[in-house]
Amino acid sequence: MDKKVKYFIVDDDRIFIKLLTKYLESDALSVNSNTSSADAIQEILRIEPDCLILDIMMPGINGLELCKKIRSKPDLKDMKIVIVSGKTYEVDRKQAFDAGADGYIVKPVEPEKIAEQIRRIVEDR
């Protein structure tokens, strides 16, 4: 990847955030995160990351709702959104893409492969 990417992770699992940050930071400009969708919205608008990584099952505003909110912001139309979720059904994947996601990765993830999967989604302009 030639361009350094700004990532933002929204997941209520702090261990997953630490793991994913570790694998992304080697070629990232920055990796920010939040465990609350509601709290993350203002940070995302301020930072304008290149790639937003969301879990679906979150307290309060779930990942699909957050995805829709972000997609409604014209300034963020080029941001890639990747859903990383334990929900394995095709209906969940379809809902994610209908909400505006660019990619869908199922948990549990393979640590050595997830960063590459996300990079491929980001590079697919």
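On one side of helix 1 in this predicted model, you'll find Ile-15, Lys-18 and Lys-22 exposed. Turn helix 1 around and the picture flips: Phe-16, Ile-17, Leu-20, Thr-21 and Leu-24 are its buried residues. Looking down the axis of helix 1, those buried residues fall within an arc of 130°, so they line one face of the helix. What sits over them? The cover includes strand 1, strand 2 (28-34), strand 3, strand 4 and helix 5.

Thr-21 deserves a quick stop. This helix 1 residue has a relative accessible area of 18% and counts as buried because the cut-off is under 20%. Setting aside neighbours within four places in sequence, Thr-21 is in contact with Ile-9 and Val-31.

**Helix 1 against helix 5**

How do helix 1 and helix 5 meet? The axes of helix 1 (residues 14-24) and helix 5 (residues 111-123) come within 9 Å and cross at roughly 65°. The two helices are therefore roughly perpendicular to each other, and their crossing is right-handed. Helix 1 brings Phe-16, Leu-19, Leu-20, Tyr-23 and Leu-24 to the contact, while helix 5 brings Pro-111, Ile-114, Ala-115, Ile-118 and Arg-119. Phe-16, Leu-20 and Leu-24 also belong to the buried set of helix 1.

Leu-24 leads us on to strand 1 as well. Tyr-7 sits in strand 1 (residues 5-10), and although Tyr-7 and Leu-24 are 17 residues apart in sequence, their C-alpha atoms are 8.1 Å apart in space. Tyr-7 is buried, with a relative accessible area of 0%.

**The two cores**

In soluble globular proteins, nonpolar side chains tend to be buried together. Here the largest nonpolar core has 23 residues, and the members touching the most others are Val-10, Ile-44, Leu-52, Leu-54, Leu-66 and Ile-70. Which elements give two or more residues to this core? They are strand 1, helix 2 (37-47), strand 3 (51-54), helix 3, strand 4 and helix 4. Apart from this core lies another, of 20 residues, among them Val-5, Phe-16, Ala-28 and Ala-115. Phe-16 and Ala-115 turned up earlier, in the contact between helix 1 and helix 5.

Val-10 is a good place to zoom in on the largest core. Leaving out neighbours within four places in sequence, Val-10 is in contact with Asn-34, Ser-36, Ser-37, Ala-40, Ile-44, Leu-52, Ile-53, Leu-54, Asp-55, Met-58 and Leu-66. That list includes Ile-44, Leu-52, Leu-54 and Leu-66, which are also among the core members that touch the most others.

**Helix 4 and its two sides**

Helix 4 (residues 90-99) has its own buried set: Asp-92, Ala-96 and Ala-99. They span an arc of only 65° around the axis, which puts them on the same side of helix 4. The face turned away from that buried side carries Glu-90, Val-91 and Asp-98, which are exposed. The cover over the buried residues of helix 4 includes helix 3 (63-71), strand 4 (80-85) and strand 5 (103-106).

**Loops and backbone oddities**

A few backbone spots are worth a click in your viewer.

| Residue or bond | Place | Backbone value |
|---|---|---|
| Glu-48 | loop between helix 2 and strand 3 | positive phi of about 50° |
| Gly-100 | just after helix 4 | positive phi of about 115° |
| Lys-107 to Pro-108 | Pro-108 in the loop between strand 5 and helix 5 | cis, omega near 0° |

Glu-48 has its positive phi although it is not a glycine. Is Glu-48 buried, partly exposed or exposed? With a relative accessible area of 39%, Glu-48 is partly exposed.

Asp-50 is in the loop between helix 2 and strand 3, where Glu-48 is found too. Asp-50, however, is buried, with a relative accessible area of 17%. Which residues surround Asp-50, leaving aside neighbours within four places in sequence? Asp-50 is in contact with Lys-3, Lys-4, Val-5, Lys-6, Asp-78, Met-79 and Lys-80. Val-5 in that list is one of the members of the 20-residue core. Asp-50 and Ile-9 are 41 residues apart in sequence but 11 Å apart in space, C-alpha to C-alpha. Ile-9, in turn, is one of the contacts of Thr-21, which brings us back to the buried residues of helix 1.

Conventions:
Residues are numbered from 1 along each chain as its sequence is written. This is a predicted model: local features need pLDDT of at least 70, side-chain atom pairs count only at pLDDT 80 or more; totals for chains, interfaces and linings use all residues. Side-chain values use heavy atoms; hydrogens and water are left out. Helices (H or I, at least four residues) and strands (E, at least two) are DSSP runs, numbered from the N terminus. Buried means under 20% relative accessible area, exposed over 50%, partly exposed in between (1.4 Å probe, protein chains only). The arc is that of the directions from the helix axis to the C-beta atoms. Contact means heavy atoms within 4.5 Å. A nonpolar core is a set of buried Ala, Val, Leu, Ile, Met, Phe, Trp, Tyr and Cys residues joined through side-chain atoms within 4.5 Å. Axes are lines fitted to C-alpha atoms, for helices over the stretch in contact, and angles run from 0 to 180 degrees between N-to-C directions. Angles under 35 degrees count as roughly parallel, over 145 as roughly antiparallel, 65 to 115 as roughly perpendicular and the rest as oblique. A crossing is left-handed if the near helix is turned anticlockwise from the far one by less than a right angle, and right-handed if clockwise.
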